[in-house]
Amino acid sequence: MKKIIIFIAVFFLLGCSNYYTDINNLAIINEIAIDYDLEYKVYVKVLKNDKESDIFIENGKTLDDCFSSLNNKLTKKLYLAHLDLLVLSDNLDKENYKDIIEFFLSLESSRNTFDTIITNKITEDFLKIDSKEIQNLLDLSINSNGLAKNKSFDSIIKDILNYRLSYIPYIDSENKEVLGLKSIFEENKLLDKDSSITVNFSYNLIDNITLLIDDKSYKLESCSSTNLIDENKITLKVSCNYKGSSKDKEIIKTYLSDAFYKHIKENSNNYFFYLQDKYGKKGHLELLYDLDISLMKESSGDYFI
Amino acid sequence: MKEEIINYCGNSEDIVTRTISKKDYVLDIIFCETLSDSSFINELILTPLNINDNKNISEVITSGVLKEIDDSLTAADELFLGYTIIILDNNKIYGIETKKDLDRSVSESEVEGSISGPKDAFLENFNTNVGLIRKRIRNKNLRLRTVNLGSESNTKIGICYMNDIVDNELLNKVLEKITSIKNDIIIDGAYLKEQLSLKHLFPDVNQTERPDLASYALLEGKICIIIDNSPTVLIIPTFFIDFFHTADDYYQKSINTTFIRILRVIAFMIAIFLPGYYISITTHNPTSIPTTLLLSLINQHIAVPFPAFFEILLMTIAFEILRESDVRIPNKVGSSASILGGLILGDAAVAAGIISPIMIIVVAISAISAFVFPYNSIVNLIRYYRFFILLLGALFGIFGLFIGLVILISNISSITSFGYPYTYPFVPLIKEDLKDSIIKTESQSKRNPLLTKKRER
């Protein structure tokens with residue numbers, strides 16, 4: 001009996017032995033950029049060591065074609081578990097996004113936790129930038145102007161599955177500057193700065209922010225936002241600490257109210273899906289937005305908005 | 001009669017005979033010059049005989065051990081035990097102990113060293129070994145039973161126990177097992193150990209060359225087997241946790257002992273699992289390695305023409321050969337052999353691109369971790385499991401390591417040592433004895449609750 005159990009166990013376990021690959025037969029891919037112009041153009045950054053890397057460019061009808069030809073060229077197994085950054089071109093459409101998601105989900109070695117950005121022009125030089133620099137750029141952005149934060153590929157898939165859209169950080173490849181968020185999948189548009197800030201507030205991504213209103217900067221600290229739903233009324237409540245005068249607070253309040261209402265008016269359908277999913281409401285939900293922005297005096301010079 | 005005895009001894013050339021004719025009687029003196037001390041013979045036999053004409057030998061010779069022997073055959077046997085045989089008028093045979101001291105003096109243990117504990121160790125002499133234990137336990141309840149084993153070697157075996165602590169059931173079981181051994185030769189404790197052990201890799205009979213550890217074991221309720229001509233004493237029963245204890249544990253603060261024991265458990269896991277873990281994460285699960293480290297490993301391995309599994313197997317086997325040669329090699333050339341094998345060959349192998357540096361580090365850490373244990377039997381166990389886990393890791397990755405861990409735990413759990421669970425005191429959990437398991441706390445009694453419980457019942 002013991003021998004039979006051992007035989008059966010070994011028989012089934014032998015399948016695992018096919019996964020044996022020596023590490024020197026792995027091509028460690030650190031960054032991938034995908035562009036589309038009648039066919040896919042894929043840029044792949046393969047790490048040689050800490051400081052050196054090679055960039056390979058492949059064209060193909062499908063992403064599989066591109067990676068197959070790259071595989072043949074490298075004679076190594078493409079290893080995507082250490083992928084840090086996926087750069088997408090801003091000319092990709094809904095079908096391209098479907099292809100990309102399908103491709104990465106089908107890959108056994110991909111962990112899908114890599115950051116994803118969109119850029120206006122993919123170049124070899126842009127890919128030479130260390131992925132950590134891009135991540136730092138986004139970290140800096142969310143903590144200063146509140147325009148964009150790092151977005152993982154996993155959360156993009158989740159957003160698309162839940163809301164049929166996702167907001168991805170958009171970086172200008174020439175100036176290496178964060179421009180804001182781009183809404184992808186159902187719609188394909190770059191949000192303006194105010195809308196990007198509003199989206200980040202509604203997702204509770206902003207902790208500290210410096211608002212630039214009429215060439216004057218206002219620094220808000222310890223920001224947090226919550227969504228409250230009461231039958232058919234949805235309230236987005238934002239609170240921040242601000243050290244300054246009451247007049248300044250009124251200016252900030254007016255600015256944020258305008259930005260929120262403008263964005264809600266232009267993108268109301270998205271909020272609907274987001275909040276309906278979050279609070280588990282089924283069926284038709286009548287939306288009434290009541291942005292509750294209140295000004296509270298905490299101590300001398302410190303206020304909540 | 002004299003000729004008869006010499007014939008029994010096969011006319012061996014180290015048998016010396018001398019005839020002394022007195023006024024009323026004739027004495028034939030026979031002794032083995034390689035086993036008997038000539039100064040004893042002069043002092044105890046020849047001098048008293050010269051100055052005394054009394055025919056009553058037992059009155060003339062004042063030696064402590066003098067016995068009358070019935071026949072020539074027994075006399076021949078006694079000759080080889082270091083006795084001098086005196087034949088009076090070709091009729092009566094006497095045996096006087098004139099044994100030469102062929103043993104070394106009590107010295108320090110070479111295998112189970114101690115920083116602050118006692119330095120004496122067991123010898124090849126049975127009586128000295130018993131004395132070293134009695135010196136520590138001056139108690140009438142310390143009992144010794146002896147049996148002779150080995151049809152050819154006729155080796156004296158002593159079964160030592162504390163009469164007021166030992167479990168009688170265990171004692172009977174041990175006695176029964178020892179008396180049933182039918183070997184023709186018992187030269188060392190290892191012969192007996194193999195007969196007493198069950199047929200599995202795990203050591204269930206421990207051995208020590210330290211009298212203090214043997215005394216501790218006796219006070220716990222264990223039984224010590226002392227073998228003549230063996231510098232080690234066997235301890236029965238033995239639990240898996242015993243191999244994580246060393247002599248020094250009892251000569252320092254409890255907190256230090258606890259720390260060292262935790263370290264030993266970690267070392268045990270490292271010694272068995274590290275090569276397997278390395279091979280599994282590099283060949284099956286590189287996802288778990290940070291990018292920078294992975295790149296460093298790739299760059300180290302890139303010039304090596306062999307697969308990682310073959311490389312680590314080669315290194316492990318090379319290490320085992322080196323270790324074995326180090327044990328066999330004479331001390332005077334030992335250090336140069338270690339330098340040649342360890343440093344020069346290792347360095348040259350890396351320079352030649354046969355082995356990657358990380359592989360040397362992995363095998364070295366694993367090997368050093370095994371050296372934490374002073375007991376060779378547990379080191380052998382580590383060696384076999386290391387190869388087994390390495391194979392599982394290469395075949396199935398991290399999943400294989402878990403299979404190996406399950407097999408290791410199930411094997412340990414399924415063993416008993418003379419009817420006692422090997423996993424004591426964890427399974428079955430005996431809280432009273434957890435105080436001297438991994439964590440050591442101050443306690444006044446060494447008694448083992450599991451071993452003494454049956455007796456009390």
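Colleague: In this predicted model, how many bridges pair strand β6 of chain B with strand β7 of chain B, and in which sense do the two strands run?

Modeller: A useful general idea to begin with is that in a regular strand the side chains alternate between the two faces of the sheet. Here, β6 (residues 142–149) and β7 (residues 155–162) of chain B pair over eight bridges in the antiparallel sense, and within that pairing Val147(B) stands opposite Ile157(B) in β7(B). The two strands form a hairpin with five residues between them, and Gly150(B), which belongs to the turn, has a positive phi of about 90°.

Colleague: In which order do the strands of the sheet that holds β6 and β7 of chain B follow one another?

Modeller: The order is β6-β7-β9-β10-β8 in chain B, so written for an open sheet of five strands whose pairing is antiparallel. Its edge strands are β6 and β8 (206–208) of chain B, each of which pairs on one side only, and neighbouring strands are turned by 25° against each other on average, with direction ignored. At the β8 edge, three bridges join β8(B) to the antiparallel strand β10 (residues 233–236) of chain B, where Thr208(B) has Val233(B) as its bridge partner.

Colleague: Which helices lie across this sheet, and at what angles to β7(B) do they run?

Modeller: Helix α5 (residues 126–134) of chain B lies across β6, β7, β9 (223–227) and β10 of chain B, and runs at about 10° to β7(B). Helix α8 (residues 211–220) of chain B lies across β6, β7, β8, β9 and β10 of that chain, and runs at about 55° to β7(B).

Colleague: How is chain B divided into domains?

Modeller: Chain B is divided into domain 1 (2–97), domain 2 (126–238) and domain 3 (253–417). Taken over C-alpha atoms, the centres of domain 1 and domain 2 of chain B are separated by 35 Å.

Colleague: Why is one side of β1 and of β3 of chain B left without a neighbour in the sheet?

Modeller: The sheet in question is an open one, with five strands in the order β1-β2-β4-β5-β3 (chain B) and antiparallel pairing. Because β1 (15–21) and β3 (66–69) of chain B stand at the edges, each with a single partner strand, one side of each has no neighbour in the sheet. From one strand to the next, the twist averages 25°. The partners β1(B) and β2 (residues 26–32) of chain B are joined in the antiparallel sense over seven bridges, and Ser21(B) has Val26(B) in β2(B) as its bridge partner.

Colleague: What do helices α2 and α4 of chain B lie across?

Modeller: Helix α2 (residues 38–51) of chain B lies across β1, β2, β4 (83–88) and β5 (92–97) of chain B, running at about 170° to β2(B). Helix α4 (residues 72–79) of chain B lies across β1, β2, β3, β4 and β5 of chain B, running at about 150° to β4(B).

Colleague: How should I read a helix such as α9(B), and where does its kink lie?

Modeller: In general, an α-helix has 3.6 residues a turn, so residues three or four places apart point the same way. In this case α9(B) has 30 residues and reaches 42 Å from its first C-alpha to its last, close to the 44 Å expected at 1.5 Å a residue. A kink of about 50° lies at Phe273(B), shortly before the proline Pro275(B).

Colleague: Which elements of chain B give two or more residues to the side that touches chain A?

Modeller: As a general point, the size of an interface is often given as the accessible area lost when the parts come together. Here the description is by residues instead, with 21 residues from chain B and 18 residues from chain A taking part in the contact. On the side of chain B, the elements giving two or more residues are α9 (254–283), α10 (291–301) and α14 (376–396), and α10(B) gives the most, with eight residues. By class, that side has twelve nonpolar, nine polar and no charged residues.

Colleague: Where are the cis peptide bonds at Pro237(B) and Pro428(B) found?

Modeller: One cis peptide bond joins Ile236(B) and Pro237(B), with omega about -10°, and Pro237(B) lies in the loop between β10 and α9 of chain B. Another joins Val427(B) and Pro428(B), with omega about 0°, and Pro428(B) is in the loop between β12 (420–421) and α16 (449–456) of chain B.

Methods: Residues numbered from 1 in each chain as written. Chains lettered and ligands numbered in written order. Predicted model: local features only at pLDDT ≥ 70, side-chain atom pairs only at ≥ 80, totals over all residues. Domains from an automatic or database assignment. Contact = placed C-beta atoms within 7 Å. Helix = DSSP H or I, 4+ residues; strand = E, 2+ residues; numbered from the N terminus. Nonpolar A, V, L, I, M, F, W, Y, C, P; charged D, E, K, R; others polar. Axes fitted to C-alpha atoms, helices over the stretch in contact; angles between N-to-C directions. Expected span 1.5 Å × (residues − 1). Bend = angle between axes of the 7 residues up to and from the residue.
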